[in-house]
Amino acid sequence: RPWRRGAATMPPKTQQKSKEAKMAAAMAGGKGKKKKWSKGKVREKVANKVLFEEELYERLKNEVPKMKLITPSALVERLKIGGSLARAAIKELEQEEMIKRLSYHSSQWVYTRATAVEG
């Protein structure tokens, strides 16, 4: 009678691998490829203009006063100009009363088109 339960039901022995086969298996496994760090998402650089050219200035005078929402970021997107240039353009348009201020905050300016009838 066996001492332990299940001792009698051991699976049959499988064929032992040769030493060469074991060595090959050891060499194949183990040190695989090292995990590389991802470089992260790379945004493409946009070369926004830093000075107005004649035709770009004309576009500013024509397009911007017709926009419903005028912010520096909206001008950057639309005209492909730098942020400081967009802020300067907004100041100039406001002085010429082509646009109207809705909200002014150091980090976000919100303007809209000047309507013909005010009041």
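Okay, so let's start at Ala 47, which is exposed, at 76% relative accessible area. Where does Ala 47 sit in the chain? You'll find Ala 47 in the loop between α1, residues 19–28, and α2. Keep in mind that this is a predicted model. Now look at what Ala 47 is paired with in space: its C-alpha is 7.9 Å from the C-alpha of Lys 80, and those two residues are 33 apart along the chain.

So on to Lys 80. This one is in the loop between α3 and α4. At 46% relative accessibility, Lys 80 falls in the partly exposed class; to count as exposed it would have to be over 50%. The backbone is the fun bit here. Most residues other than glycine have a negative phi. Lys 80 isn't a glycine, and yet its phi is positive, about 55 degrees.

Which other residue does that? Glu 97, for one: its phi is near 55 degrees, again positive, and again the residue is something other than glycine. Glu 97 belongs to the loop between α4 and β1, where β1 is residues 99–104. With 67% relative accessibility, Glu 97 counts as exposed.

Let me zoom out for a second. The protein chain has four helices and two strands. What order do they come in, going from the N terminus? It's α-α-α-α-β-β. Of the 119 residues in the chain, 19% are buried. The accessible surface comes to about 11000 Å², and carbon and sulfur atoms account for 55% of that. And if you take contacts between residues at least 6 apart in sequence, 45% of them link residues at least 24 apart.

Now, the helix I'd like you to look at is α2, residues 54–63. Which residues of α2 are buried? Leu 56, Leu 60 and Lys 61. Yes, there's a lysine in that list. These three span an arc of only 140 degrees around the axis, so they end up on the same side of α2. Flip to the other side of α2 and you get Glu 54 and Glu 55, both exposed.

What covers those buried residues? The cover includes α3, residues 72–79, and α4, residues 83–95. Let's take those two helices in turn. Two packed helices are described by the angle between their axes and the distance between the axes, and I'll give you both numbers each time.

Start with α4. Its axis is 11 Å from the axis of α2, and the pair packs at an angle of about 50 degrees. That makes α2 oblique to α4, and the crossing is right-handed. If you want to click on side chains, Tyr 57, Leu 60 and Lys 61 from α2 meet Ala 89, Glu 92 and Leu 93 from α4. Leu 60 and Lys 61 are names you've just heard, since they're among the buried residues of α2.

Then α3. Here the axes of α2 and α3 come within 12 Å and cross at roughly 125 degrees. So these two helices are oblique to each other as well, and their crossing is right-handed. On the α2 side the contact is made by Leu 56, Arg 59, Leu 60 and Glu 63, and on the α3 side by Leu 75, Arg 78 and Leu 79.

If you only click on one residue later, try Leu 60. It's buried, it's among the α2 residues that meet α4, and it's also part of the contact with α3.

Methods:
Residues are numbered from 1 along each chain as its sequence is written. This is a predicted model: local features need pLDDT of at least 70, side-chain atom pairs count only at pLDDT 80 or more; totals for chains, interfaces and linings use all residues. Side-chain values use heavy atoms; hydrogens and water are left out. Buried means under 20% relative accessible area, exposed over 50%, partly exposed in between (1.4 Å probe, protein chains only). The arc is that of the directions from the helix axis to the C-beta atoms. Contact means heavy atoms within 4.5 Å. Accessible areas come from the Shrake-Rupley method with a 1.4 Å probe; for residues, only the protein chains shown count as cover. Axes are lines fitted to C-alpha atoms, for helices over the stretch in contact, and angles run from 0 to 180 degrees between N-to-C directions. Angles under 35 degrees count as roughly parallel, over 145 as roughly antiparallel, 65 to 115 as roughly perpendicular and the rest as oblique. A crossing is left-handed if the near helix is turned anticlockwise from the far one by less than a right angle, and right-handed if clockwise.
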